[in-house]
Amino acid sequence: MDYRAERESIMRGGAEKYHRAAAAAGKYHARERIRRLTDVDSFTEDALWANPDPGLPADGVVCGTATVQGRPIRVVANDSTVKAGSWGARTVEKIVRTIESAQAEQHPIVYLVDSAGARITDQVQLFPGRRGAGRIFYEQVRASGQIPQACALFGPSAAGGAYIPAFCDIVAMVDGNASMYLGSPRMVEMVTGERTTLEEMGGARVHCEQSGVGHFLSRNEDEAIATVRRWLSYLPSNWTQPPPARAARPPRETDLREVVPTGESTPFDVHDFIDGLVDRDSVLEVQARWAGELVCAYARLDGRPVGIVASNPGVRGGVLFSDSADKAARFINTCDAFNVPLLFLADVPGFMVGAEFEKTGIIRHGAKMIAAVSEATVPKLCVVVRKAYGAGLYAMAGPAFGSDAVLALPTAKIAVMGAEAAVNAVYAGKIGAIEDPDERERFIADKRAEYEADVDLRRLAGELVVDDIVEPEHLRADLVARFRRLSHKDRRFGSRRHPITPV
């Protein structure tokens with residue numbers, strides 16, 4: 001038998017017409033995606049010969065080992081030119097073995113997904129058994145928090161296969177091509193009568209802007225691959241290692257004092273504040289298109305990775321909603337799992353109130369964020385930029401939540417609520433009874449002044465609520481010094497099997 005010729009045939013993938021169709025849609029072949037993701041000539045393929053059927057080369061999935069920026073990883077890449085990247089029994093076994101190997105080696109795993117889901121004709125062989133498709137997700141869950149898991153989604157991720165991205169730490173989706181869905185539009189119409197399209201139901205924009213399942217919306221495949229490579233650069237290879245440091249870079253030239261308005265309700269874009277604080281061009285924001293009132297981003301301070309959770313008063317006043325709480329909880333848990341220190345930048349009026357939000361479980365979602373903050377044992381620093389009111393202080397790693405330091409800028413206020421709301425809440429009856437407008441305004445002004453004096457920042461520092469009042473121009477140096485001192489922090493939290501996390 002001519003093994004060389006068969007090898008070459010297998011590596012070409014499916015029929016030429018499928019390659020042409022993929023190229024017309026702006027899609028690379030699976031092996032080309034791997035080549036662009038990994039270091040030059042570093043990829044070694046496993047189970048190349050899976051499935052002797054010449055119409056199913058490699059059984060539609062390419063698996064193996066490689067390096068990214070010199071560090072070993074495992075790769076799973078669906079070949080959409082082979083039965084639309086669908087899964088057979090050997091496909092499943094290859095994926096399961098790759099995840100098991102990644103765990104055994106304690107190396108990250110990257111999934112390059114472009115799959116129509118399971119082959120219904122092979123369902124008995126691939127679906128229900130102990131090493132059937134469900135085993136993929138079981139192994140992903142076992143690997144969670146041990147090794148970084150990233151997904152670049154180039155096409156469909158259909159039915160049960162949609163859970164591969166869902167169990168990853170991050171998902172980069174290619175706009176216009178990528179989709180995730182449990183049931184196709186045709187199935188949805190059959191079951192529910194709803195008429196929809198794939199893009200409307202599970203396209204990249206839906207998941208990056210509405211559902212929150214997608215983390216990065218990419219313009220093309222090169223951008224999605226570059227995003228995965230960049231994300232890996234902030235994380236260690238596994239949970240036992242520190243994140244990789246790089247050469248420090250000065251921040252963008254920004255006057256932080258000028259960025260923050262003095263009026264506590266005046267909106268501003270916290271991205272400008274972050275850019276003036278961290279190493280230049282080091283910010284990688286996660287889920288930037290979803291729940292924009294809270295910014296979650298990886299960055300570097302003096303060359304060392306940090307995870308930033310920042311209120312953004314420029315979007316909905318920086319108020320916390322259910323989606324922003326979920327976004328933060330997931331990000332905090334990821335950073336804590338992989339030893340990335342956390343920096344909280346608080347300018348938060350609190351959680352959103354009202355009947356609509358109570359009915360949709362804002363207490364439950366807020367509790368999830370507060371639980372994540374509580375359980376995080378990495379170095380945690382909280383900076384109150386302008387205000388931290390009510391449970392917003394708790395959610396942003398206030399003093400009661402194991403923060404290693406709580407710092408305040410001179411513009412900061414910490415209280416149950418703002419002065420205006422507090423005076424209205426306590427003195428509503430008296431205010432309403434004062435008929436003279438001038439007298440009413442004087443009364444309100446006096447009570448506000450009393451309230452402000454009660455929560456004066458100097459007093460809060462004296463009561464050890466804040467550890468220091470830091471001038472904006474000194475904040476970066478202060479944070480760098482504190483994080484360096486905390487690099488060997490004792491991370492013990494308690495003895496138990498696992499917490500009962502609000503969901």
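Reader: What makes Phe351 count as buried or exposed in this model?

Author: The model is predicted. In it, Phe351 has a relative accessibility of 18%. Buried means under 20%, so Phe351 counts as buried.

Reader: Where does Phe351 lie, and which residues does Phe351 touch?

Author: Phe351 lies in the loop that runs between strand S12 (342-348) and helix H15 (355-359). Leaving aside residues up to four places away in sequence, Phe351 touches Val319, Leu320, Ala325, Ile362, Gly366, Ala391, Gly392 and Ala395. The C-alpha atom of Phe351 is also separated by 8.5 Å from that of Ser322, and these two residues are 29 residues apart along the chain.

Reader: Why is strand S10 called largely enclosed by the rest of the structure?

Author: Strand S10 covers residues 294-301, and 8 of the 8 residues are buried, so S10 is largely enclosed.

Reader: Which residues of S10 point one way, and which the other way?

Author: Leu294, Cys296, Tyr298 and Arg300 point one way. Val295, Ala297, Ala299 and Leu301 point the other way. Side chains in a regular strand alternate between the two faces of the sheet. In S10 the residues pointing either way are all buried.

Reader: How do you know that S10 pairs with strand S9 and strand S11?

Author: Two strands pair if there are at least two bridges between them. Strand S9 (residues 284-286) is joined to S10 by 3 bridges, and S10 is joined to strand S11 (residues 304-311) by 8 bridges. Both counts reach the cut-off, so S10 pairs with S9 and with S11. S9 and S10 run antiparallel, as do S10 and S11. As for individual residues, Leu284 has Tyr298 as its bridge partner in S10, while Cys296 stands opposite Val309 in S11.

Reader: What is the phi of Asp302 in the hairpin of S10 and S11?

Author: Asp302 takes a positive phi near 55 degrees. The hairpin has 2 residues between the strands.

Reader: Why is Cys168 not counted in a disulfide?

Author: A disulfide needs two cysteine sulfur atoms within 2.5 Å. The closest cysteine sulfur to that of Cys168 is in Cys151, at 5.0 Å, which is too far for a bond. Cys168 has a relative accessible area of 0% and is therefore buried.

Reader: What makes Cys208 fail the same test?

Author: The sulfur of Cys208 is 11 Å from the closest cysteine sulfur, again in Cys151, so the distance is too far for a bond. Cys208 is buried as well, because its relative accessible area is 2%.

Reader: How many disulfides does a search of the whole structure find?

Author: The search finds 0 disulfides.

Conventions: Residues are numbered from 1 along each chain as its sequence is written. This is a predicted model: local features need pLDDT of at least 70, side-chain atom pairs count only at pLDDT 80 or more; totals for chains, interfaces and linings use all residues. Side-chain values use heavy atoms; hydrogens and water are left out. Buried means under 20% relative accessible area, exposed over 50%, partly exposed in between (1.4 Å probe, protein chains only). Helices (H or I, at least four residues) and strands (E, at least two) are DSSP runs, numbered from the N terminus. Contact means heavy atoms within 4.5 Å.
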